[in-house]
Amino acid sequence: MEKEFVESVALSDDDDNIIAEDVRQLNSTTKKGKKTLKSKVWNFFDILPLGANQKLKSQCKKCGVQYMASSKYGIGNMRRHIKVCKRNDTLDIGQMMISHDTNSLSLSSIQYDSNKFRELVMASIVMHDLPFQFVEWAGIRAIHLYLYPDVDTLTRNTTKADVLKVYQREKLKIKAMFEQVYGRVSLTSDLWSSCISDGYMCLAAHFIDKDWRLQKRILNFCFMPPPHTSVALSEKIFDLLCGWKIEGKLFSLTLDNASSNDVSVEALGSQLQLKGLLPCNGEFFHLRCCCHILNFVVQYGLKHIDRAIEKICESVKYVKGYHSQLRKQKFLDCVKLVAVGVKKGLRRYILTRWNSTYLMLDSTLLYLSRSGFFNT
């Protein structure tokens, strides 16, 4: 533990110039005013006021040992003291905490790992979809300083670089998995549009690893510039496959039933087939998404009861309108008045999600069967 602490505070030989400059600054402090100390040594030592002998001294912040800080004495003695300071040992009760790692309570010293801290912050940003500026928020920095006063101050650029490093590291791991795959890899892909109409492509891989476990990995979620023609889609997918070096291990590609996908898969399959990379002459290369087909079936069936669904949909829309807070409150008051006893909220209908139709009917039928709501 002491070794880990020493490694975290140890100064490199490159600091000698900085240390010498710090000592010269200290000697000139009384003449030119307060100077900024750059060496890491001064994180562990305080400069004492000049005494009667007018000699400059420093004092360890932990154990109180004093050393001469004049330039002719150098600063190596303070560097050596940091490594052997007794107050850095577990005997310092002020640095102790209760550990719950084992079944029995035990005492352990607090250890701070800057690399682990940066990794946890980066993982939190990715997990909770936070902006990189999160690390610069005043409240977050105040929490970090409260937990550990000497914590590293992170910036959004540093955090962005950490995320990119982790991405490259995980990408190498997936590439190594593909190199050990003896079978074929099946792909799924789809296009997605953001709220500002930017197009994105998602490419996922499904395969069985060397331990015979089914794996699923999202390989790319990348920007797809317009136009989204069949040729552009096939070229984009082929470039992504070459980047992962799995163009020779493909078995199938699953897409939705858009007409542009039929042409793009045919062009991509022909390109791969010319190199002899597809099994069975590419007969099983193009697969259609079952969920998309099921969506078509459901939408066709809903047309036969479209009139009834439309009435319920308009009623829910009237109550849950974006600019109708007064109507929402009146609806809640009516629910309390008739003592329906239903706490489940109303769900709105979304045209592109057929399961929203079921959720909407499931929520409204509770009110309809108990109190006669929506009888129009």
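## The loop between β7 and β8

D209 is placed in the loop between β7 and β8, in a model that is predicted. With a relative accessible area of 12%, D209 is buried, and its side chain reaches the backbone nitrogen of R213 at 2.7 Å.

W212 also has its place in the loop between β7 and β8. At 74% relative accessibility, W212 counts as exposed, whereas D209 is buried. The backbone of W212 has a phi near 65°, which is a positive value in a residue other than glycine.

## Further backbone features

A positive phi, of about 60°, is also found in N281, although N281 is not a glycine. N281 lies in the loop between α9 and β10, the latter spanning residues 286-288, and at 66% relative accessibility it counts as exposed. The peptide bond from P226 to P227 is cis, with omega near 0°, and P227 lies in the loop between β8 and α8. As background to these features, most residues other than glycine have a negative phi, and most peptide bonds are trans.

## Aromatic pairs around F178

The count of aromatic pairs in the model comes to eight. In one of them, the rings of F178 and F207 have their centres 5.0 Å apart, and because their planes stand at 55°, the pair is classed as tilted. This pair links distant parts of the chain, since F178 belongs to helix α7 (residues 156-179) and F207 to strand β7 (residues 199-208), with their positions 29 residues apart. F178 is buried, with a relative accessible area of 2%, and F207 is likewise buried, with a relative accessible area of 2%.

F178 also forms an aromatic pair with W244, and here the arrangement is edge-to-face, at 6.3 Å centre to centre and with 85° between the planes. Because F178 lies in helix α7 and W244 in helix α8 (residues 230-244), this pair ties together parts that are 66 residues apart in sequence. Both F178 and W244 are buried. K171, for its part, lies over the face of W244, at 5.3 Å from the ring centre. Elsewhere among the aromatic residues, ring pairs link W192, Y200, F221 and F223 into a cluster.

## Nonpolar cores

The largest nonpolar core has 28 residues, and those with the most contacts inside it are F178, L187, L219, L253, L272 and F285. At least two residues of this core are supplied by each of α7, β6 (185-193), β7, β8 (214-223), α8, β9 (250-255) and α9 (259-274). The element that gives the most to this core is α8, with six residues. In general terms, nonpolar side chains in soluble globular proteins tend to be buried together.

F178 thus appears both among the residues with the most contacts inside the largest core and in the tilted ring pair with F207. For F285, the contacts can be listed individually: leaving aside residues up to four places away in sequence, F285 touches L250, F251, S252, L253, V265, L268, G269, L272 and L278. A second core, separate from the largest one, has eleven residues, including L302, I312, V316 and F331.

## Cysteines

The structure holds zero disulfides. For C222, the closest cysteine sulfur is that of C202, and because the two sulfurs are 8.6 Å apart, they are too far from each other for a bond. For C290, the closest cysteine sulfur belongs to C289, and this distance of 6.6 Å is also too far for a bond; the cut-off for a disulfide is a pair of cysteine sulfur atoms within 2.5 Å. The surroundings of C222 and C290 can be described by their accessibility: C222 counts as buried at 16% relative accessibility, whereas C290 is exposed, with a relative accessible area of 61%.

## A buried threonine in helix α13

T364 is found in helix α13, which spans residues 355-371, and is buried, with a relative accessible area of 2%. The side chain of T364 reaches two backbone oxygens, that of M360 at 2.9 Å and that of L361 at 3.3 Å. D209 offers another case of a buried residue with a polar contact to the backbone, its side chain reaching the backbone nitrogen of R213.

Note on methods
Residues are numbered from 1 along each chain as its sequence is written. This is a predicted model: local features need pLDDT of at least 70, side-chain atom pairs count only at pLDDT 80 or more; totals for chains, interfaces and linings use all residues. Side-chain values use heavy atoms; hydrogens and water are left out. Rings of Phe, Tyr and Trp (its six-membered ring) pair if their centres lie within 6.5 Å; planes under 30 degrees apart count as stacked, over 60 as edge-to-face and the rest as tilted. Helices (H or I, at least four residues) and strands (E, at least two) are DSSP runs, numbered from the N terminus. Buried means under 20% relative accessible area, exposed over 50%, partly exposed in between (1.4 Å probe, protein chains only). A charge sits over a ring if NZ of Lys or CZ of Arg is within 6 Å of the ring centre and within 35 degrees of the ring normal. A polar contact is a pair of N or O atoms within 3.5 Å; within protein, one must be able to donate a hydrogen and the other to accept it, and residues adjacent in sequence count only if both atoms are side-chain atoms. A nonpolar core is a set of buried Ala, Val, Leu, Ile, Met, Phe, Trp, Tyr and Cys residues joined through side-chain atoms within 4.5 Å. Contact means heavy atoms within 4.5 Å.
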